[in-house]
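Visitor: I am new to reading protein models. Could you walk me through this one, feature by feature?

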Amino acid sequence: MARICLCLTGKTLARDQEILEKYEKQVDMAELRVDCLDPDERFLIRRFPEMVKAPVILTIRRERDGGFFVGGEGARIILLSKGLAFAEADRRHNFAYVDLEEDLNVPSLEEAARTFGTRIIRSFHDYQGVEQNLAGRLRALRHGGDEIAKAAVMPRSMAEVIRVYEAARETRGLEKILLCMGDYGGNTRILAELLGSHLTYAAVKGEADMPPGAPGQLCPKELVDFYRFRTITPKTRIFGIVGFPLTATSSPAFFNTIFSQQNLDAVYIPFPSDSLEAFMRLADLIGLEGASVTIPYKEEILPYLKLRSEKVDFIKACNTILRRPGGWVGANTDALGFSDSLLNFIGAKNLKGKRVTIIGAGGVARAVAAEVYRLKGKALVLNRTLFRARDLAAPYRFAWSGLDGRGADLMSRYSDIIIQTTSVGMEPDVNADPLELYKFTGKEVVMDLIYKPETSHLLRRAAQAGCSIRNGYDMLIRQAQYQYTQFLGGDFPAQLMSRMII
Ligand code: NAP
């Protein structure tokens, strides 16, 4: 099984020891990043394996490989030999591994490592992307057959992440450590077992004096408790969410909590992806069973679907995909999630006699408009891009306008309920307000589908004017419950909800 290796980046050995003891139960081993130690401490590194119980990797990462070591190669080699020097104590007190870069050709170091029972990890780090022939490079990396090959690469796109999974497949049987750094690569850190990677690196979070060892490292708690890293095997069912940039999503918390509470051998992973096409190829490579689809892909996903639910056909937006033997099937759970939430909020069974303003004409606005129509409401659609407002409104004979002064004036006739569906005001841009020109009277019922932040700028303004307000969290949970049924069949286990904290 792939192990969890905690990257220790403290300034002193005592601090690294303290941190490792804190996480001892969650990790299998540690990497001592000598390059992060204070210069005086670096001469004492030989003691570290004796100070801790877990096996330790000795690493002195150069600045050009993403580390903090700025001295010359001579100084680095002397430090490495100091770390590998024979100790009077038995072999268990040696470093278990030493990380030597591909271009570091010092036979005496290799000999010392082999003599004193330290395994060599032969590594390369690429912050410029993922090369085409990653598998070839991995195979050629080792200076001796007993070494472990390691590639840590920084993909610039989802297409480059695919190369890493392909390289893993092509180098099956090779003892290796393989991972992607950065935002696109989080999935490779969680799915280390699938990649055949010897280990995954974890970072300490929330300790100001411990900088991350590399971009994108997850903390042990996230790996063990949240993604249940220890239970992931090739049989684990993989689900996820695709979107871009995918900065604010609570879906992984929702699904992983439910999977864990039900003891299901399944994991739900965020896949921030700059290309839907690349994500769909990755989905095939890793056997993804189903996914939530979010901004900006709810419409772009349609051509990939072999079969669409009636709602997807009607709304022309899809937020849920499921792998079936004949191809991908698309569903839309935003629609019922939204209308359940709105009706519950206003305490009604339908929208007869209600005049509604819909702000936005994107993927989720399509679901909102369809539901407002189905529930017999009359609506005005306002959107920044005029033709999209027109196209959304036309089939329902709704009014439409731009998100401008005229639109704000028209709202006075459609102000029983205001539904905000754009991404404006979402984290991190929390002070943005898509409806700056509109002054609330205090009589409107206002629903903003954004749930991060909890109260958007627009909702705060509405509340100050006396309106009743609701954010998108309740809708998120409701649509996720429908999504759960799509992914796994059967009813959502509602009794679990009360124990969930997202
Ligand atoms: P989308 O398809 O990308 O649509 C984005 C919408 O926002 C479009 O109407 C777009 O207008 C508008 N917009 C973007 N930037 C703007 C700006 N600077 N000024 C004015 N308008 C702007 O996204 P989506 O999937 O519909 O999602 C939209 C929001 O709904 C997100 O915040 C998402 O988190 C939220 N949402 C919540 C739930 C939930 O369960 N609570 C479910 C789904 C979505 P243009 O047409 O002019 O580009």
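Guide: We will go from the domains to the ligand, then to some backbone details. Keep in mind that this is a predicted model.

Visitor: Into which domains is the chain divided?

Guide: Look at the residue ranges. Domain 1 covers 3–233. Domain 2 is written in two pieces, 239–332 + 478–499. Domain 3 covers 335–471. The centres of domain 1 and domain 3, taken over C-alpha atoms, are 50 Å apart.

Visitor: Now the ligand. How many residues surround the ligand, and which are the closest?

Guide: Count the residues with a heavy atom within 4 Å. Here that shell holds 24 residues. The closest are Gly363, Val364, Asn383, Arg384 and Thr385.

Visitor: Which domains give at least three residues each to the shell?

Guide: Domain 2 and domain 3 each do.

Visitor: Which helices each supply at least two residues of the shell?

Guide: Helix H15 (363–374) and helix H19 (473–488). H19 gives the most, with three residues.

Visitor: How do the shell residues divide into nonpolar, polar and charged?

Guide: There are 10 nonpolar, 10 polar and four charged residues.

Visitor: How do I read polar contacts to the ligand?

Guide: Look for pairs of N or O atoms within 3.5 Å. Take Thr385: an N or O atom of its side chain is 2.5 Å from a ligand oxygen atom. For Arg384, a polar side-chain atom lies 2.9 Å from an oxygen atom of the ligand. Leu476 uses its backbone instead: an N or O atom there is 3.3 Å from a ligand oxygen.

Visitor: How much of the ligand's accessible area does the protein cover?

Guide: On its own, the ligand has 910 Å² of accessible area, and the protein covers 83% of that. The space taken by the ligand is also the largest pocket.

Visitor: On to the backbone. Which peptide bonds are cis?

Guide: Check the omega angle. One cis bond joins Phe244 and Pro245, with omega about 5°. Another runs from Ile295 to Pro296, with omega near 0°.

Visitor: Where are Pro245 and Pro296 found?

Guide: Both are in loops. Pro245 is between strand E9 (237–243) and helix H11 (251–261). Pro296 is between strand E11 (290–293) and strand E12 (305–308).

Visitor: Which residue has a positive phi although it is not a glycine?

Guide: Arg228, with phi about 45°. Find Arg228 in the loop between helix H10 (220–226) and E9.

Conventions:
Residues numbered from 1 in each chain as written. Predicted model: local features only at pLDDT ≥ 70, side-chain atom pairs only at ≥ 80, totals over all residues. Heavy atoms only, no water. Polar contact = N/O pair within 3.5 Å; in protein donor to acceptor, adjacent residues only side chain to side chain. Areas by Shrake-Rupley, 256 points an atom, 1.4 Å probe, with all protein chains shown as cover. 1 Å grid on protein atoms, 1.4 Å probe; cavity = no way out; pocket = protein on both sides within 12 Å on 5 of 7 lines; lining within 4 Å. Sits in = over half its atoms within 2 Å of the grid points. Helix = DSSP H or I, 4+ residues; strand = E, 2+ residues; numbered from the N terminus. Nonpolar A, V, L, I, M, F, W, Y, C, P; charged D, E, K, R; others polar. Domains from an automatic or database assignment.
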